[in-house]
Amino acid sequence: MRQRYKPWADDFLHNHQNLIIPNPGKQRGKWQKLFSENQPIHLEIGTGKGQFIVGMAKQHPDINFIGIEVAKSIVVTAGEKALEAGLDNLLLIHVDASHLLEYFAPGEISAIYLNFSDPWPKNRHEKRRLTFSAFLKQYEEVLIPKGEIIFKTDNRGLFEYSLCSFSAYGMLLEEVNLDLHVIEDPLNIMTEYEEKFSAKGQPIYRSRTSFKN
Ligand code: SAM
């Protein structure tokens with residue numbers, strides 16, 4: 001996702017610390033306390049400009065959502081959307097998901113969404129893919145037993161790689177959809193990338209997988 005320099009980003013982060021949580025490591029094991037309702041927490045990794053997570057938080061007031069976005073200039077755009085929506089079941093954090101265990105305690109999260117993750121097509125960059133085994137290990141740790149990963153992408157190579165990675169890890173494939181938009185699903189919340197690629201006629205792939213324990 002293209003990043004533009006936003007001179008106001010630091011001010012925005014400073015002024016909205018109840019929404020984009022600073023020092024998220026301090027909340028490890030205590031995220032539930034930051035929400036007004038005690039209910040399952042779902043995580044989106046690589047939230048981008050926030051269309052999906054804001055839409056999900058509106059659609060599911062009985063779930064608490066946390067979006068993780070590593071790019072400062074992008075997380076503030078998600079922050080603007082979240083502010084406008086005025087939701088009390090949505091928080092954001094501006095960190096790299098490679099260090100997920102520093103921010104979340106075992107079993108603190110009920111589901112993880114990976115939407116249009118960067119494909120990193122070169123073999124030597126395999127470890128950066130968000131569905132690489134080392135990431136799956138972290139997800140398994142922070143998720144509740146049998147917790148789910150819901151993954152959407154337009155990238156067939158990344159999708160095939162990820163299905164193999166989930167399977168090699170011993171995860172259960174609950175759903176594999178090779179063309180998500182063939183039938184209109186009123187509950188599907190589109191991400192910014194999903195809108196862009198599906199408008200070009202590209203199929204959108206989705207999988208739903210769960211850990212065995
Ligand atoms: N999910 C959005 C969508 O579907 O429109 C954005 C997709 S964009 C291709 C991938 C996003 O993931 C970028 O905003 C990028 O900064 C973020 N990202 C990539 N690696 C990340 C990581 N390790 N931790 C947190 N965010 C990450």
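Salt bridges, then. There are 7 of them in this structure, which is a predicted model. I will go through three pairs and one network.

Start with glutamate 192 and lysine 81. Their side chains meet in a salt bridge, at 2.9 Å from N to O. Glutamate 192 is in helix α7 and lysine 81 is in helix α3, residues 72-85, so this pair ties together parts of the chain that are 111 residues apart in sequence. Lysine 81 has a relative accessibility of 29%, so it counts as partly exposed.

The next pair is arginine 208 with glutamate 148. The closest N and O atoms of this salt bridge are 3.0 Å apart. Here two strands are involved: arginine 208 lies in β7 and glutamate 148 in β5, residues 143-153, so the pair ties together parts 60 residues apart in sequence. Arginine 208 has a relative accessible area of 26%, which makes it partly exposed. Glutamate 148 is partly exposed too, with 22%. For reference, the partly exposed class runs between 20% and 50%.

These two residues also belong to something wider. Which residues are linked with Glu148 and Arg208 in a network of salt bridges? They are Glu175 and Arg206.

The third pair is glutamate 194 and lysine 152, with the closest N and O atoms of the salt bridge 2.7 Å apart. Glutamate 194 sits in helix α7 and lysine 152 in strand β5, so this is a link between distant parts of the chain, 42 residues apart. Are glutamate 194 and lysine 152 buried or exposed? Both are buried.

Lysine 152 brings me to asparagine 115, since Lys152 is one of the residues in contact with asparagine 115. Beyond the neighbours within four places in sequence, the other contacts of asparagine 115 are Glu44, Ile45, Gly46, Phe52 and Thr191. Asparagine 115 lies in strand β4, and its relative accessibility is 6%, so it counts as buried. Where does the chain stand 12 residues away from asparagine 115, at tyrosine 103? The C-alpha atoms of the two are separated by 20 Å.

Compare that with aspartate 10 and valine 76. They are 66 residues apart along the chain, and their C-alpha atoms are separated by 8.9 Å. Aspartate 10 lies in helix α1 and is partly exposed, with a relative accessible area of 47%.

Now back to strand β7, where threonine 209 is found. Its relative accessible area is 0%, so threonine 209 is buried. What is threonine 209 in contact with, leaving aside its neighbours within four places in sequence? One group of contacts is Gly147, Glu148 and Ile149. Another is Met171, Leu172, Leu173 and Glu174, and Phe166 completes the list. Glu148 is the glutamate we met a moment ago, in the salt bridge with arginine 208.

Leu173 turns up again on the surface. With Val176 and Leu178, Leu173 makes a nonpolar surface patch of about 250 Å². Leucine 178 lies in the loop between β6, residues 172-177, and α7. At 48% relative accessibility, leucine 178 counts as partly exposed.

There is a charged patch as well. Arg4, Lys49, Lys196 and Lys200 form a positive surface patch. Of these, take lysine 200, in the loop between α7, residues 192-199, and β7, residues 205-210. Why does lysine 200 count as exposed? Its relative accessibility is 58%, and the exposed class begins over 50%.

Last, two backbone points. Which residues other than glycine have a positive phi? Asparagine 23 is one, with phi near 45 degrees. Asparagine 23 is placed in the loop between α1, residues 9-15, and β1, residues 41-45. Phenylalanine 116 is another, with phi of about 55 degrees. The loop that holds phenylalanine 116 runs between β4, residues 109-115, and α5, residues 133-142. Phenylalanine 116 has a relative accessibility of 9%, so it counts as buried.

To go back to where I began: there are 7 salt bridges, and among them the pair of glutamate 192 and lysine 81 ties together parts 111 residues apart in sequence. That is what I have.

Notes. Residues are numbered from 1 along each chain as its sequence is written. This is a predicted model: local features need pLDDT of at least 70, side-chain atom pairs count only at pLDDT 80 or more; totals for chains, interfaces and linings use all residues. Side-chain values use heavy atoms; hydrogens and water are left out. Patches are made of residues with over 30% relative accessible area and no salt bridge: like charges are joined within 9 Å, nonpolar side chains (Val, Leu, Ile, Met, Phe, Trp, Tyr) within 5 Å. Accessible areas come from the Shrake-Rupley method with a 1.4 Å probe; for residues, only the protein chains shown count as cover. A salt bridge is a side-chain nitrogen of Lys or Arg within 4 Å of a carboxyl oxygen of Asp or Glu. Lys and Arg count as positive and Asp and Glu as negative; His and the chain ends are not counted. The place of a charge is taken as NZ of Lys, CZ of Arg, CG of Asp or CD of Glu. Helices (H or I, at least four residues) and strands (E, at least two) are DSSP runs, numbered from the N terminus. Buried means under 20% relative accessible area, exposed over 50%, partly exposed in between (1.4 Å probe, protein chains only). Contact means heavy atoms within 4.5 Å.
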